[in-house]
Structure formats: structure tokens, C-alpha cells
Amino acid sequence: MERLADAAERSRRCFQGTTEAECAAMRRRVRAGELVTPYRALYARAGYWGGLNGTERVLHVIRALAVRYPQWTFGGSSAAAVWELEHPWSLHDDGVVYIVGDGGSAMHTHARLRRSFVPTEDMRKVTVRNGVRVASVARTLVDCGLRHRFVDVLPMFDSALRRRLVTVDEVVAICDRTQADCGHVLRLLHYASPLSENGGESLCRATIIEEGFKAPQLQHEFVDPGDARIRHRADFVWHTSDGRIVVLEFDGQGKYVDPTMTQGKSVRSVVSEEREREAVLRRAGVTQIIRTDFKEVAARLPLTAKLVDAGVPLAGGMLLWNEVPSGRWA
């Protein structure tokens, strides 16, 4: 059993018993707290499992199932995890695994396994990614757009476009042969942008849109009027009808503490550079700079209050969603 666990951890997957005696021993260790069973007949060491984030856990389950059932094609949020599309970990909290098929073979489903039937043409575009059969990115985006909330799926669309994994035409083609109302998917396509740099920014923008504000301009570059060599981009920008320029910056904690983002600089140095950057933005005509973070975006009201106080223009029309997002980010 220890050899099974060691081999599985090296392959970044769960393990399973090969004999009834092994399975019985694994169930005993689950009762003793030594192992966990995140999916039927799949196991992992409790300590090892506790060190994995939500997306890593679902990938461990998927890789193990791909070994057990090599004919399966994973879709929906399971495929989003395999493609490494940005999305909230909370989409996997229910432990459900999604697979797709064209109806050519019968297969039972249960509470933790859901199958979607897709056109045969989509099955011809199945890809093997890191040993796992997975639906195309376009099929994955459509399925997730039909199943999950706008705020949860816009990061997937943004990251797929940013990484050039899909085109708008490919997603529209999937919608054309899908026997479902794809209005939600088309709305996601309307707002999706490759300019969004990470899932946090996508979540922030999705929340802004859902709260009824005009969609911001992304990554607008401002030039220092005193030195054209100095240029800075702003996360979100609005030009108001009275001539003001409002900037919203989404601050992630990594901006100040992640060595890959700070390039080894101290927090004090990063903060000082941020102040100098703000000075350049103001010299370039920015009227107001507001900041927000994941906590404010998740709560919604603090972010909305800041946007209202800053006079950010409204888009008008009825809102289709107004649910508070939750969960950690992949």
C-alpha cells in the first residue's frame, strides 16, 4: 500500500486498491484517519491531501480516473481544471466529476459523476492533455457557461483568450450546434478579454458588470507628460461624460509579498514605487485613483460604494445575476 501511495504521489494522482484485501485495508485506514477517500474507491494519504489546494485535488482525482477509465473524456469544470483555465476552486467543492460523450456507449452516472451528451463532431476534437482525454477548450467554455455563474466563468474565458487556446468563432460554432439557449455564453463572449491579466482581475470586472456599472477599459497605458519614456498601465479605466478619468486598481497580496512579482524588493520599496506610479497617472490626466482587493470584491458592497463615490458611469438595464462569489482562486 505504501508503494502504491508513493507511486501515486509521484504521478500527482490518487491511488486505488488492486485486490479486495488491499481495498479492505485502505477502508480501515480511512476509518483510522490515515487515508482520505475523495472519490469512490480512490485514496490519498491524509497529510499529503491536506497540502493540496482545491484545483490540485480535483486533478488528482481526474488523473486517477483517467488511469482506471482511459476511455473517459472529461468536460465542464473538470476539463477547465485540466486545461488550467482560471476559475474559483469552489466550483469543485461538491466533488463532482464531469465527463462528455456522444451517446455511442452506455455508462451509468451517480451523484459524483455527471455526463453530458455532445455532438459527435465535438468528440472528434477531443485532446489528450498530460495523459487525460479532455474536451476542447471551446466545448469546455460553453459547458461551463451554461452550468455556472457569470462571475465564476468569465475568468475561464479571459484566460483561454489570453493564452490563445481558443477563438471567439470556435466558441460560437459550438453554440450553433448546441441544443440549449446559449445566451449566457454569448454574454460571456461579449465581455471576455485577453487583456485581463489574472483571475482576480476577471472576478473584479465581472462583479463590476453585474452590479450595473459600465464595463471598464482594460490595461490602458498612460504616458508621463514630462518624460515619454515613463509609461504605466492601469487595471481598469473609465472616461466619464464630464471629462474625468477614473482608475481602479485591483491589489492582490502577491503584489507586495510574492517574490516572483516583487523581484526581491521589500514591501516598503514596492509601496514607494506604487506611489511614484500614481503620481505619473495623475500627471497624465487621471482624476481619481481607487483601489480594491479580493475581500472587497467578494463582499461587493465595499467595491460598489467606492465606484459610486467615484462617479463611475452606470451601464443601465436589468441585472441578470447578483450572487456573492465565494471560494479561493485557482
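Modeller: Helix axes are lines fitted to C-alpha atoms over the stretch in contact, and their angles run from 0 to 180 degrees between N-to-C directions. This is a predicted model, in which local features need pLDDT of at least 70 and side-chain atom pairs count only at pLDDT 80 or more, while totals for chains, interfaces and linings use all residues. Residues are numbered from 1 along each chain as its sequence is written, and side-chain values use heavy atoms, with hydrogens and water left out.

Colleague: How many helices and strands does the protein have?

Modeller: The protein has 16 helices and 11 strands, taken as DSSP runs (H or I, at least four residues, for helices; E, at least two, for strands) and numbered from the N terminus.

Colleague: At what angle do helix H8 and helix H11 pack, and why are H8 and H11 called oblique?

Modeller: Helix H8 (residues 150-162) packs on helix H11 (residues 199-210) at about 130°, and the axes are 8 Å apart. Angles under 35 degrees count as roughly parallel, over 145 as roughly antiparallel and 65 to 115 as roughly perpendicular, with the rest oblique. The angle of about 130° falls in none of the named ranges, so H8 and H11 are oblique to each other.

Colleague: Which residues of H8 and H11 meet?

Modeller: In H8, Phe150, Val151, Leu154, Pro155 and Asp158 take part; they meet Gly199, Ser202, Leu203, Arg205, Ala206, Thr207, Ile209 and Glu210 of H11. By class, this contact of H8 with H11 has seven nonpolar, three polar and three charged residues.

Colleague: What makes tryptophan 83 buried?

Modeller: Buried means under 20% relative accessible area, exposed over 50%, and partly exposed in between (1.4 Å probe, protein chains only). Tryptophan 83 has a relative accessible area of 9%, which is under 20%, and therefore counts as buried. Its place is in the loop between helix H5 (76-82) and strand S4 (97-101).

Colleague: With which residues is tryptophan 83 in contact, its neighbours within four places in sequence left aside?

Modeller: With contact taken as heavy atoms within 4.5 Å, the partners of tryptophan 83 are Thr127, Arg129, Val134, Ala135, Ser136, Val137, Thr140, Arg163 and Leu165. Tryptophan 83 also lies 9.7 Å from asparagine 130, C-alpha to C-alpha, although 47 residues separate them in sequence.

Colleague: How do you know that threonine 140 counts as buried?

Modeller: The relative accessibility of threonine 140 is 0%, so this residue meets the limit for buried. Threonine 140 belongs to helix H7 (residues 137-147). Beyond four places in sequence, threonine 140 is in contact with Gly76, Ala79, Ala80, Trp83, Leu85 and Ala135.

Colleague: Which residues of helix H10 are buried, and against what do the buried residues of H10 pack?

Modeller: Val185, Arg187, Leu188 and Leu189 are buried in H10 (residues 183-191). They pack against H7, H8, helix H9 (168-176) and H11. Over the 330 residues of the protein, 48% count as buried.

Colleague: What is phi in alanine 41 and in arginine 164?

Modeller: Most residues other than glycine have a negative phi. Alanine 41, however, has a positive phi of about 65°, and arginine 164 has a positive phi near 60°.

Colleague: Why does alanine 41 count as partly exposed, and why does arginine 164 count as exposed?

Modeller: Alanine 41, in the loop between strand S1 (35-39) and strand S2 (42-45), has 39% relative accessibility and therefore counts as partly exposed. Arginine 164, in the loop between H8 and H9, has 77% relative accessibility and so counts as exposed.

Methods. Ala, Val, Leu, Ile, Met, Phe, Trp, Tyr, Cys and Pro count as nonpolar, Asp, Glu, Lys and Arg as charged, and the others, Gly among them, as polar.
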